[in-house]
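Let's take a look at the charged side chains in this one and see who pairs with whom. Have the structure open while you read.

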Amino acid sequence: DLLLCQHTQHLIDLTTTTHYENYRCDKLTRLAGGDHGAGVTNKNPLAALEDESKDHFHKVSKMEKKIEDTFNKKVEEKNTAMEMLKLEHKEYIDKENNILDLERGKMLSKREEFDKE
């Protein structure tokens, strides 16, 4: 029974090690192949990592530029909307001031008429 247990444990350890090594080998092969599954290339893994890092940096830079452009566009739209709103409010205030000036003029003329009586 002890012998069977030892052989079983040895088989489990060997299988685990074999599966891990196959997994590691497959990952390194994909890494060296540029994740295309095209097989092993002559590029070493460090150079592949460096290329992947450069590609990632390029993608991140492109995304940052796109996000910044979108942000600037939205800020410009908001600024334009604010300017339009300010202009509308100024026109409204000027219109109300004109109405008040007319009413003030009418009130003054009525007061003068009242004072003459």
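Start with lysine 90 and aspartate 94, whose side chains meet in a salt bridge at 3.4 Å, N to O. Keep in mind that this is a predicted model. Both residues sit in helix H2, 4 residues apart, or about one turn of the helix. Aspartate 94 comes out as partly exposed, with a relative accessible area of 35%.

How many salt bridges does the structure hold? The count is 5, and the lysine 90–aspartate 94 pair is one of them.

Helix H2 (residues 45-116) also carries aspartate 69 and lysine 65, 4 residues apart and separated by about one helical turn. Their side chains meet in a salt bridge too, at 3.1 Å, N to O. Is lysine 65 buried or exposed? With 53% relative accessibility, lysine 65 counts as exposed, because the cut-off for that label is over 50%. Its partner aspartate 69 is at 40%, so aspartate 69 counts as partly exposed.

Now hop over to helix H1 (residues 2-32), where glutamate 21 and arginine 24 lie 3 residues apart, again about one turn of the helix. Their side chains form a salt bridge at 2.9 Å, N to O. Glutamate 21 is partly exposed at 34% relative accessible area, and arginine 24 is partly exposed as well, at 37%.

Here are these pairs side by side:

| Salt bridge | N to O distance |
|---|---|
| glutamate 21 – arginine 24 | 2.9 Å |
| aspartate 69 – lysine 65 | 3.1 Å |
| lysine 90 – aspartate 94 | 3.4 Å |

Key. Residues numbered from 1 in each chain as written. Predicted model: local features only at pLDDT ≥ 70, side-chain atom pairs only at ≥ 80, totals over all residues. Heavy atoms only, no water. Salt bridge = Lys/Arg side-chain N within 4 Å of Asp/Glu carboxyl O. Helix = DSSP H or I, 4+ residues; strand = E, 2+ residues; numbered from the N terminus. Buried < 20%, exposed > 50% of the residue type's maximum accessible area, 1.4 Å probe, protein only.
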